[in-house]
Amino acid sequence: MRRLRYNVAVSLDGFIAGLDGDYDWILPDPDIDREVMPALFAEFDTFVMGRKTYETIRAQGDANPLLGQSLVVASTTLTEPDRPNIRFVAENIVEAVADLKRQPGKDIWLFGGGHFARTLFDANLVDTVEASVMPILLTEGLPLLPPGARVKLTLESVRSFKSGIQMLSYAVSRDR
């Protein structure tokens, strides 16, 4: 079965975006851009996200490489995708993601945001948390995961970069 992987950049104090959704605090790192990201993207063939995350990607236009990928967007307001590889799901997103996991293919990237991720964590669908921890304290913003049930994790790997970014990978424990 395909894995659903919550892969996200996060501040040291646990925020994935500023209060207004900004992400300009995410550091560029040539080693990550050159080595890590191409290999990482090759592990996925589907990206799932909430409407706000999709709108951020869409606003970047064709420069955003995600727009050429297979996207599943949880949204009750967006209905007509302007690209054939985008699917909007208005109802039963949990069932839609569970079905995606059963289909053949590469892993699925849970791209964001935190509230959408909480829904999928609560449904016990998320398999890993992969956090690129940025060396910054935002002190406020959109949390990695909003309040809810605890999620136990087991460390799988750590990778450090000269920029101060720490890439952490955890398996989600099924025994909560």
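Me: At 0% relative accessibility, does Phe47 count as buried or exposed?
Reply: The model is predicted, and the value for Phe47 is computed from it. Buried means a relative accessible area under 20%. Phe47 has 0% relative accessibility, so this residue counts as buried.

Me: Which kind of aromatic pair do Phe41 and Phe47 form?
Reply: The structure holds 9 aromatic pairs. In the pair of Phe41 and Phe47, the ring centres are 5.8 Å apart and the planes make an angle of 35°. Planes under 30 degrees apart would count as stacked and those over 60 as edge-to-face. The pair of Phe41 and Phe47 is therefore neither, and its class is tilted.

Me: Which residues do ring pairs link into a cluster with Phe41?
Reply: Phe41 itself is partly exposed, with a relative accessible area of 23%. Ring pairs place Phe41 in a cluster whose other members are Phe44, Phe47, Trp109 and Phe111.

Me: How many salt bridges does a search of the whole structure find?
Reply: Side chains of opposite charge can pair when their charged atoms come close. For a salt bridge, the limit between the nitrogen and the oxygen is 4 Å. The search of the whole structure gives a total of 14.

Me: How far apart are the closest N and O atoms of Arg51 and Glu55?
Reply: Both residues lie in helix H2, which spans residues 51-59, and they are 4 residues apart, about one turn of the helix. Arg51 is partly exposed at 28%, and Glu55 is partly exposed at 35%. Their salt bridge brings the closest N and O atoms to a separation of 2.8 Å.

Me: Which residue forms a salt bridge with Asp99?
Reply: The partner of Asp99 lies in helix H3, residues 93-102, at a separation of 3 residues, about one helical turn. Asp99 is partly exposed at 34%, whereas the partner counts as exposed at 57%. With the closest N and O atoms 4.0 Å apart, the partner is Arg102.

Me: Which residues do salt bridges that share partners join into one network?
Reply: Some salt bridges have partners in common, and these connect their residues into one network. The members are Arg3, Arg5, Glu43, Asp107 and Glu130.

Me: What is the relative accessibility of Arg34, which meets Glu35 in a salt bridge?
Reply: The side chains of Arg34 and Glu35 meet at 4.0 Å, N to O. Glu35 is partly exposed, with a relative accessible area of 40%. Exposed means over 50%, so Arg34 counts as exposed at 53%.

Definitions and conventions:
Residues are numbered from 1 along each chain as its sequence is written. This is a predicted model: local features need pLDDT of at least 70, side-chain atom pairs count only at pLDDT 80 or more; totals for chains, interfaces and linings use all residues. Side-chain values use heavy atoms; hydrogens and water are left out. Buried means under 20% relative accessible area, exposed over 50%, partly exposed in between (1.4 Å probe, protein chains only). Helices (H or I, at least four residues) and strands (E, at least two) are DSSP runs, numbered from the N terminus. Rings of Phe, Tyr and Trp (its six-membered ring) pair if their centres lie within 6.5 Å; planes under 30 degrees apart count as stacked, over 60 as edge-to-face and the rest as tilted.
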